[in-house]
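Here are my notebook entries on this one. I started with the pocket and then turned to the cores.

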Amino acid sequence: MKLPRFVKQIGKRVVKATPVLRRHFFSSTDYRVLSGADEARELTASSGGWLAERTVTRQERAYQELIAAMAHGEPRLDLKVAAEAIAATAIANPSVLDVGCGSGYYSDVFAALLAGGVRYTGVDYSDAMIARARARSPLTAFEVADAIRLPYAAGAFDIVFNGVSLMHVVDYPAVIREAARVANSYCIFHTVPVFLNHRTMFLRKYAYGAPVVEVIFGKQELMTLCREAGLRLEREWPSIPYDVSEPTGHASTAETYLFSVLPS
């Protein structure tokens, strides 16, 4: 039975006003600015966040809906941009390392939206995420690995793709350096939340019901870190809107960056 519109509106207001319901139904909610990297590290160590099976289940449920829409010819903007960034490298059937792969949904995105496909490997520091990824796609390569200590040789992959995970690692300079080390040709940092005119800030939010750290990057600092890691910006794309001005007092957006790896 289809509910009347006014009933749905009342339901939404009730959910938004109730913390337990809000954190259950919204993928991202209850943002709070942290004092800095030390508090962010304490939260990462204590929360469990992305390691929890419940978080994995809720995230996968959200992406199943996106993958289904993509299969019907309606990919969300960020999924299209991810494929466009891979295609912009002009490498036929590239080897791609997906850092922070979650349950491996970008393997589906690349298979569906890239005509030549990719040779995909996914890594995530969460055992629960990798277990779910292997269950979903048993023939795809998935490994448990930390983004700041990747278990691969220098230049092992044509492209290192970081899809919406750079923002959740407190030691993000190390993630950038490791991506640059392992990439032979290109690094892609996808759907990165940035302030165009403000410094980097650390936030706590509830993602799929679990407290996690989120980094909103000062774009100038991010570009400097990438240059220092030996990366050169080739292209950038706007991704889905991401404005955290309410908790931070500063407008933000989300962008995807394609960097080439400079000769060492």
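Which element gives the most to the lining of the largest pocket? I found that α4 does, with five residues; helices (H or I, at least four residues) and strands (E, at least two) are DSSP runs, numbered from the N terminus.

A note to self on sources: this is a predicted model, where local features need pLDDT of at least 70, side-chain atom pairs count only at pLDDT 80 or more, and totals for chains, interfaces and linings use all residues. Residues are numbered from 1 along each chain as its sequence is written, and side-chain values use heavy atoms, with hydrogens and water left out.

Next I looked up the pocket's volume, which is about 990 Å³. A pocket here is an open set of points on a 1 Å grid over the protein atoms alone, where a 1.4 Å probe fits, with protein on both sides within 12 Å along at least five of seven lines; lining residues have an atom within 4 Å of a point. The volume is the space filled by probe spheres set on the points, which are joined across faces, edges and corners. Of the 50 lining residues, W50, V164, S165, M167 and H168 are the closest to the centre.

Then I checked the largest nonpolar core (buried Ala, Val, Leu, Ile, Met, Phe, Trp, Tyr and Cys joined through side-chain atoms within 4.5 Å; buried means under 20% relative accessible area, with a 1.4 Å probe and protein chains only). Among its 44 residues, L97, F189, F217 and L222 touch the most other members. I also saw a second, separate core of 34 residues, including V56 and V81.

Last, I looked at A115, which sits in the loop between α6 (105–113) and β3. A115 counts as exposed (over 50%) because its relative accessibility is 90%.
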